[in-house]
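Work through the following exercises with the sequence and the structure side by side. Try each task before reading its solution.

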Amino acid sequence: MVSQIPASFTPRNILVIKLRHHGDMLLTTPVINALHQRYPNAAIDVLLYQETRPMLQAHPAIRKLHLIDRKWKKQGIWHQAKQELKLVNAIRDSHYDVVINLADQWRSALIARLSDAPVRIGFAFNKRDNHFWHYCHNHLVSTQNFSQLHTVEQNLLALSPLDVPTDSAPVSMYYADEDWQAAQKQLHEQGVNGPYVVIQPTSRWTFKCWDDEKVAALVNQLNQPGLQIVLTAAPDRKEMAMIAHILSLCQNPQVTTIAGQLSLTQLAALIDHARLFIGVDSAPMHMAAALQTPCVALFGPTKLQQWRPWGANNRIIWAGDYGSLPTPDSIDTKTEQRYLSAIPVEDVVAAARSYLDA
C-alpha cells in the first residue's frame, strides 16, 4: 500500500533502520540529512549493527544509535532473547512517530511493527510480498526501478510518502578532532609531514582487488618530490599480508604504511586531509567520496550503478571496459580470483595525475 502522509504531519521522533555493512551505513546519511533538513526539530535515531557504529557515531543530526550485536547469538539463546527484548523496549520507550525501514530482513520488519509507530515505511521487495511484511509496514514504496538507481537514490525513495525534498541531501562522514590528532600522530611516526596520497588496495573480498604488482607499479610511478604515499588496510591478517607484499615490490622511497593502525573514524580523518584517495570498491572509497576528497575508484564485477562513489569529485575505472566480466550475482565471493586484473597501470596513473597536477 502506498499512500501520501499529510503535509501537516510533523514527527518529533524518527527511527531509521538499516542492518548492513559499513559502506551501506554511510550511504544512509542522505536520508538522515534530508530528514534533518525537513524536520529540524525532530530527534533522529538509527538502528544498526554494532560493528558499523563508527560510520554514524559522530553525525551531528543523530540523537541516538540503537545497536544490534551479532555476537549475541554466540552467547546463548537466553542471552540473545534478553538483549532483543531490551532493544525492543528501548525502541518502544522512544515513542517514534515514524519508522523508516531501509532493510529487507524479517527482523527489521518485526522491530518496525513492535515500535508502535503510527507511520511505518518500508520497501515493497518482491521477495517480501507477503502478509507479514505488509502487516509490519503501513506504507510500502515500490522497488521496481531499483536496478537503475544508485543505493543513495534507492534509500531516498523511502522518504517519498513523507514528501521530503531530497535534492540537496549529500552523503556525509563525520569524525572527531581526536581522530585527526591520532591519524596525525601515526603519520608523523612514519615520517609523513607534507602532502600525501592514500591508497587502500585491499577489500574483505579478494575478487574486488587489483594485482599487487600493479599497485606497486602505481606507487612507483607516482614518485614525485614532496608527495608521500600512505598505504592503508583493515587490521585483517589477509589484508595486512597483501600490504606487506605490495611494499616488498615498491621502489618508491616515499611510500609508507599505517595499515591496521587506525580506527574507521581515524581513517576518515586521514582520507579527509589527503590530496587524493585511490582504492577499490570498499567502505573507505565511499568515505573518500563523502568527504569530497578526490577519488580514483577501481571497480570489477560489482553492481557499478548501485555502488559507484556518490558525488562529483570521483573518477571510476571499470575492469569491464578492458575485458569481459562475470555478472555480479554469479560471483563466488570466496574466490581468490582478482577480476580487476585487466585494468592497466597507466590508466590509473593518468587518472591520479589528473587530480595531482590540477
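## Exercise 1: Salt bridges

In this predicted model, Arg338 and Asp212 form a salt bridge in which the closest N and O atoms are 2.6 Å apart. Find where Arg338 and Asp212 lie, and work out how many residues apart in sequence are the parts that the pair ties together.

Solution. Begin with the positions: Arg338 belongs to the loop between β12 (314-318) and α13 (345-356), while Asp212 is in helix α8, so the pair ties together parts that are 126 residues apart in sequence. Next, consider the surroundings of each partner. Arg338 has a relative accessibility of 22% and therefore counts as partly exposed, since that class lies between the limits of 20% and 50%. Asp212 has a relative accessible area of 6%, so it is buried, the limit being under 20%.

Now turn to a second pair: how far apart are the closest N and O atoms of Asp281 and Lys208?

Solution. The closest N and O atoms of the salt bridge between Asp281 and Lys208 are 3.4 Å apart. Asp281 sits in the loop between β10 (276-280) and α11, and Lys208 in the loop between β7 (196-200) and α8, so this pair ties together parts that are 73 residues apart in sequence. As for cover, Asp281 is buried at a relative accessible area of 6%, and Lys208 is buried at 12%.

Finally, decide whether Arg20 is buried or partly exposed, and do the same for Asp24.

Solution. Arg20 and Asp24 form a salt bridge whose closest N and O atoms are 3.7 Å apart. With 37% relative accessibility, Arg20 counts as partly exposed, whereas Asp24, with a relative accessible area of 8%, is buried. The count for the model comes to 12 salt bridges, and the three pairs treated here are among them. As a general principle, side chains of opposite charge can pair when their charged atoms come close.

## Exercise 2: Two helices that cross

Determine at roughly what angle the axes of helix α8 and helix α9 cross, and state whether the crossing is left-handed or right-handed.

Solution. First locate the two elements, which are helix α8 at residues 212-221 and helix α9 at residues 237-249. Their axes come within 8 Å and cross at roughly 50°. That angle makes α8 oblique to α9, because it falls neither under 35 degrees, where helices count as roughly parallel, nor in the range from 65 to 115, where they count as roughly perpendicular. The last step is the sense of the crossing, which is right-handed for α8 and α9.

## Exercise 3: A covered helix

How many of the eight residues of helix α11 are buried?

Solution. Helix α11 covers residues 283-290, and eight of its eight residues are buried, so the helix is mostly covered. Going along α11, one finds that the buried residues are Ala283, Pro284, Met285, His286, Met287, Ala288, Ala289 and Ala290. Just after α11, Gln292 takes a positive phi of about 60°.

## Exercise 4: Positive phi in loops

Find in which loops His95 and Asp163 lie, and classify each by its accessibility.

Solution. His95 is not a glycine, yet it has a positive phi of about 50°. His95 belongs to the loop between α3 (77-93) and β4 (98-101), and with a relative accessible area of 56% it is exposed, since the limit is over 50%. Asp163, likewise not a glycine, has a positive phi of about 55°. Asp163 is found in the loop between α6 (151-157) and α7 (177-189), and it is exposed, with a relative accessible area of 57%.

## Exercise 5: A nonpolar surface patch

Which residues make the nonpolar surface patch of about 440 Å², and which helix supplies the largest share?

Solution. The patch is made by Trp106, Leu110, Leu114, Phe132 and Tyr135. Helices α4 (106-114) and α5 (131-136) each supply at least two of its residues, and the largest share, three residues, comes from α4. To check one member, take Leu114, which is in helix α4; Leu114 is partly exposed, with a relative accessible area of 32%.

Methods:
Residues numbered from 1 in each chain as written. Predicted model: local features only at pLDDT ≥ 70, side-chain atom pairs only at ≥ 80, totals over all residues. Heavy atoms only, no water. Patch = residues over 30% accessible without salt bridge, like charges linked within 9 Å, V, L, I, M, F, W, Y side chains within 5 Å. Areas by Shrake-Rupley, 256 points an atom, 1.4 Å probe, with all protein chains shown as cover. Salt bridge = Lys/Arg side-chain N within 4 Å of Asp/Glu carboxyl O. Helix = DSSP H or I, 4+ residues; strand = E, 2+ residues; numbered from the N terminus. Buried < 20%, exposed > 50% of the residue type's maximum accessible area, 1.4 Å probe, protein only. Axes fitted to C-alpha atoms, helices over the stretch in contact; angles between N-to-C directions. Parallel < 35°, antiparallel > 145°, perpendicular 65-115°, else oblique. Left-handed = near helix turned anticlockwise from the far one by under 90°.
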